[in-house]
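Visitor: I have a protein model open, and I would like to learn how to read it. Could you walk me through some features?

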Amino acid sequence: MNGRRPKVFVVSNVALVSEGIHFQLSRSDKIALAGRGEVNAPTVGAMVRTGAEVLVLDFASTGAHDFAEALVTQIPGMKIVGIAIGSTSLPVADWAELGVVGFVDDNGSIDDVVSAILSVSKGGYALSPATTNALVSDLINRCESRREP
């Protein structure tokens with residue numbers, strides 16, 4: 001991505017969410033929008049065709065986890081930023097284990113989403129203090145449960 005604007009694709013099963021985020025992101029001169037779609041196979045194809053580099057994924061969408069899981073095998077190197085993280089029943093560690101590298105809390109702003117996109121597009125991670133705490137707690141609990149006889 002070398003100093004150029006990362007190509008971003010927005011995915012949600014809720015049109016209002018995908019259209020709203022897509023519109024808000026279109027106002028940023030720091031990113032290039034590759035498109036938007038729903039959690040389904042044709043969207044993966046569209047992401048490949050457009051050369052999308054970063055996915056903004058609505059974790060609250062039905063099938064989001066399976067979609068992300070399929071995506072990381074079909075498009076290696078895809079950076080995923082999750083939104084609506086408070087609306088998923090899966091622990092943050094499960095998403096991170098899958099390869100999600102950016103998380104925007106439910107009360108995050110569009111500026112937080114843009115910051116997360118820019119961070120992950122450069123090989124970094126994006127987590128709020130609350131999400132970092134949840135991730136570390138999940139990991140500690142997993143380690144402790146493995147040590148129990």
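Guide: Happily! Let us begin with an idea you will need: a nonpolar core is a set of buried Ala, Val, Leu, Ile, Met, Phe, Trp, Tyr and Cys residues joined through side-chain atoms within 4.5 Å. Please keep in mind that this model is predicted.

Visitor: Why look for such a core?

Guide: In soluble globular proteins, nonpolar side chains tend to be buried together.

Visitor: Which residues touch the most other members of the largest nonpolar core here?

Guide: They are Met47, Leu55, Leu57, Phe67, Leu71 and Trp95, in a core of 25 residues. Two or more residues come from each of these elements: strands E1 (7–11), E3 (54–58) and E5 (100–103), and helices H2 (41–50), H3 (64–74) and H4 (92–98). Another core, of 18 residues, lies apart from it, and its members include Ile31, Val56, Val101 and Ala126.

Visitor: Which residues does Leu71 touch?

Guide: Leaving out residues up to four places away in sequence, Leu71 touches Val44, Met47, Leu55, Met78 and Ile80.

Visitor: Let us turn to charged residues. How many salt bridges are there?

Guide: The count is three. To recognise one, look for a side-chain nitrogen of Lys or Arg within 4 Å of a carboxyl oxygen of Asp or Glu. Try Arg4 and Glu53, whose closest N and O atoms are 2.8 Å apart. This pair links distant parts of the chain, with Arg4 in the segment before E1 and Glu53 in the loop between H2 and E3, 49 residues apart.

Visitor: Is Glu53 buried or exposed?

Guide: Glu53 counts as buried, because its relative accessibility is 13% and the cut-off for buried is under 20%. Its partner Arg4, at 48%, counts as partly exposed.

Visitor: What about the other salt bridges?

Guide: Look at Arg142. Its side chain meets that of Asp94 in a salt bridge, at 2.1 Å from N to O. Arg142 belongs to helix H6 (residues 129–147) and Asp94 to helix H4, so this pair ties together parts 48 residues apart in sequence. Arg142 also forms a salt bridge with Glu97, where the closest N and O atoms are 3.3 Å apart. Glu97 lies in helix H4 too, so here the parts tied together are 45 residues apart in sequence. Through shared partners, salt bridges join Asp94, Glu97 and Arg142 into one network.

Visitor: How exposed are the acidic partners of Arg142?

Guide: Asp94 counts as partly exposed at 21% relative accessibility, while Glu97 is exposed, with a relative accessible area of 63%.

Visitor: Now helices. How do I find the faces of one?

Guide: An α-helix has 3.6 residues a turn, so residues three or four places apart point the same way. Take H6: it has 19 residues and reaches 27 Å from its first C-alpha to its last, close to the 27 Å expected at 1.5 Å a residue.

Visitor: Which residues of H6 are buried?

Guide: Thr131, Leu135, Asp138 and Arg142 are the buried ones. Viewed down the axis of H6, the buried residues fall within an arc of 60°, so they line one face of the helix.

Visitor: What do the buried residues of H6 pack against?

Guide: They pack against H4 and E5.

Visitor: Which exposed residues does the face turned away from the buried side of H6 carry?

Guide: That face carries Pro129, Ala130, Asn133 and Arg147.

How values were computed:
Residues numbered from 1 in each chain as written. Predicted model: local features only at pLDDT ≥ 70, side-chain atom pairs only at ≥ 80, totals over all residues. Heavy atoms only, no water. Buried < 20%, exposed > 50% of the residue type's maximum accessible area, 1.4 Å probe, protein only. Helix = DSSP H or I, 4+ residues; strand = E, 2+ residues; numbered from the N terminus. Contact = heavy atoms within 4.5 Å. Expected span 1.5 Å × (residues − 1). Arc of directions from axis to C-beta.
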